[in-house]
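Dear colleague,

I am handing over the structure below, and would be glad if you would read my notes beside it.

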Amino acid sequence: MKRYFVKMKVEHIVIMMLTTVICLSIPNVKSQSLNNLYKKSQIQLEESTDYATNNDWQKLFPDADKVEYGKKTGLTKEIVVAPDGSVFMCHKTLYEIWKFDKNGNFIKKFGSKGSKPGQFPFHFSIFGLLDGKYLCTFDNQGRMMFFDTEGRFIKKLKLDYMPLDMVALKNSKIAILGFLVGKNGKHIVSIKDFNTGKEKIIWTKSEENIFKSAVVVTLPNHGGMMSWSIPFCHSSFTTPKLAMSKTGNLLLGMPDDGNIIEYTPEGNKVKTFTLKIEPLTITEAEINENYALFVKKSDEFAARINKDDKFSPSEKQESIQQFKSQLNKIKDRNTYPKHLPYFSSLIIDSDGNILVFEFTKGEETNKFKAYTYDNAGNEIGTSSFVSDNYELSFIPSTFAFSNGNIYTVSIRKNAGKMPLRLVKFRLT
Amino acid sequence: MNCLNEIEIQKYLDRELPEEMLNGVEQHLKLCSACKDTYSQALESKSQVFAFLDQFAAFDTPREIPVFKPGLKKRSLKKIVAITSIAASILLFIGFGIKINNQKTTQKQIDNITKATYEVTRNIDPNKMAHDKQIIVVTTNSSGEVIETTITE
């Protein structure tokens, strides 16, 4: 009997050891798998057909046709993937957050429009799960609100500047990219402590005002102002991109010089490395195209203002002249940056590799070229991400890696009335 | 030519700029709406100051000298000085108030246009923006509030 138990124990130990070895080797296999994939010239995003099968898409996306700023904004959904695989989706236009289980099926919704604690007075964004348990939200007025994974309101923090992006780090810290308005406008990156609310600024950059990157017309007497941003010139192209490393540190990607800077959650610089990317230049032909575009805009503006009874003929003439007098700067190379940014998006995969997406020129808008680096900055490969069935958009807030898969809300091609889908992609 | 600062614009208004700079400044004001705006505001303030000073010009015109009455002249002078001081203070306050308010409105318009542009770009792929040469058009009203934002293709 005693020998039998000894034998059982040995068998158990062997099984336990084997299980441990297999478990430990799984992430390694996945990591090697992702690394190997990135060495391929083309990566196909293949939809998991057993994911999100019980959803009624028509009911899930009632705002899909909602148009704001002349665009269908209801088509863009920010998501956060929890460690257990459940997905939180920001239904911005409904002022709600919707939760899906690990199989992609809708479970519940929470949040509403209003000014009480836990309510959203303005459109908001979701940006991460702090310490794996608090869902983080913010609006452009600087309100940060936190909910637990069941949708219970936990806490509110306030910023005195306009937040543009945020990322949740380890140790209850949040990195914030913000913009301080005023004559001396500047971008900042700061780190805020969730528990104390204390904030430390770790990076700043002064920005020239809109007159450098836009055509601006002041409407006489009426006193209003109109602005047309010049393509390639807006400073949002070069604002730092925030991401969390696999170890919970902050990665600050600099699109204007191709540097990646790593900070601890406490704001101490760990290292900097430069991506080996050759940024694209802005050609004379593109500048001429821009000029032709703005000549057209100038004519459209003239037609619009000439129809407006609020202005006298001389006021109309003055406004039109203001626009035309700025056309020269569209043709001036000095208006433009020396080159396009080194990358358009920065995404960290579930193995901690860094993916940066390049600016593309040409006809293919649904083929995205990514440069991939490991977390030490060593180049892994360059490959294109493609999908046969979905229109892709590599915006970090709407796109998440988890356990080697990609989660996003995308538009399914030729899907009829309701094209939006919460989808899980396998990389092949 | 670079944009003008407020001191240069004030000097231009007061005809205190060196002659060799005048031509360049005039050309720049024709082309640059920002400087033209600042210039218009400065010009407006200057007009208000002159309007204010014009009221006192009447004191320079010859007036009949009143009959001397002991004690009365002193009191009148005091009264005039007091009234003048109060009037000057009020007018200066109004003048500065208008200037500051104009500056605030313009800065508020610029700030709100900047904020609206960032808000719109948050969930747009910069690559798509560049690829499609998208233009963000923002319109504010006279209070600086954004009344329309559109993205053109």
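What follows is an account of the cores and of some of the helices.

This is a predicted model, in which local features need pLDDT of at least 70 and side-chain atom pairs count only at pLDDT 80 or more, while totals for chains, interfaces and linings use all residues. Residues are numbered from 1 along each chain as its sequence is written, chains are lettered from A and ligands numbered from 1 in the order in which they are written, and side-chain values use heavy atoms, with hydrogens and water left out.

In the largest nonpolar core (buried Ala, Val, Leu, Ile, Met, Phe, Trp, Tyr and Cys residues joined through side-chain atoms within 4.5 Å; buried means under 20% relative accessible area, exposed over 50%, with a 1.4 Å probe and protein chains only) there are 52 residues, and those touching the most other members are Trp228(A), Phe294(A), Phe301(A), Phe323(A), Ile330(A) and Tyr336(A). Helix α4 (residues 284-306) of chain A gives this core its largest share, 6 residues; helices here are DSSP runs (H or I, at least four residues), numbered from the N terminus.

α4(A) packs against helix α5 (residues 313-325) of chain A at an angle of about 170°, with the axes 10 Å apart (axes are lines fitted to C-alpha atoms over the stretch in contact, and angles run from 0 to 180 degrees between N-to-C directions). The two helices are therefore roughly antiparallel, a term for angles over 145 degrees.

In chain B, the buried residues of helix α2 (residues 19-31) are Val25(B), His28(B) and Leu29(B). The face of α2(B) turned away from them carries the exposed residues Glu19(B), Glu20(B), Asn23(B) and Lys30(B).

With best regards

Definitions and conventions
Angles under 35 degrees count as roughly parallel, over 145 as roughly antiparallel, 65 to 115 as roughly perpendicular and the rest as oblique.
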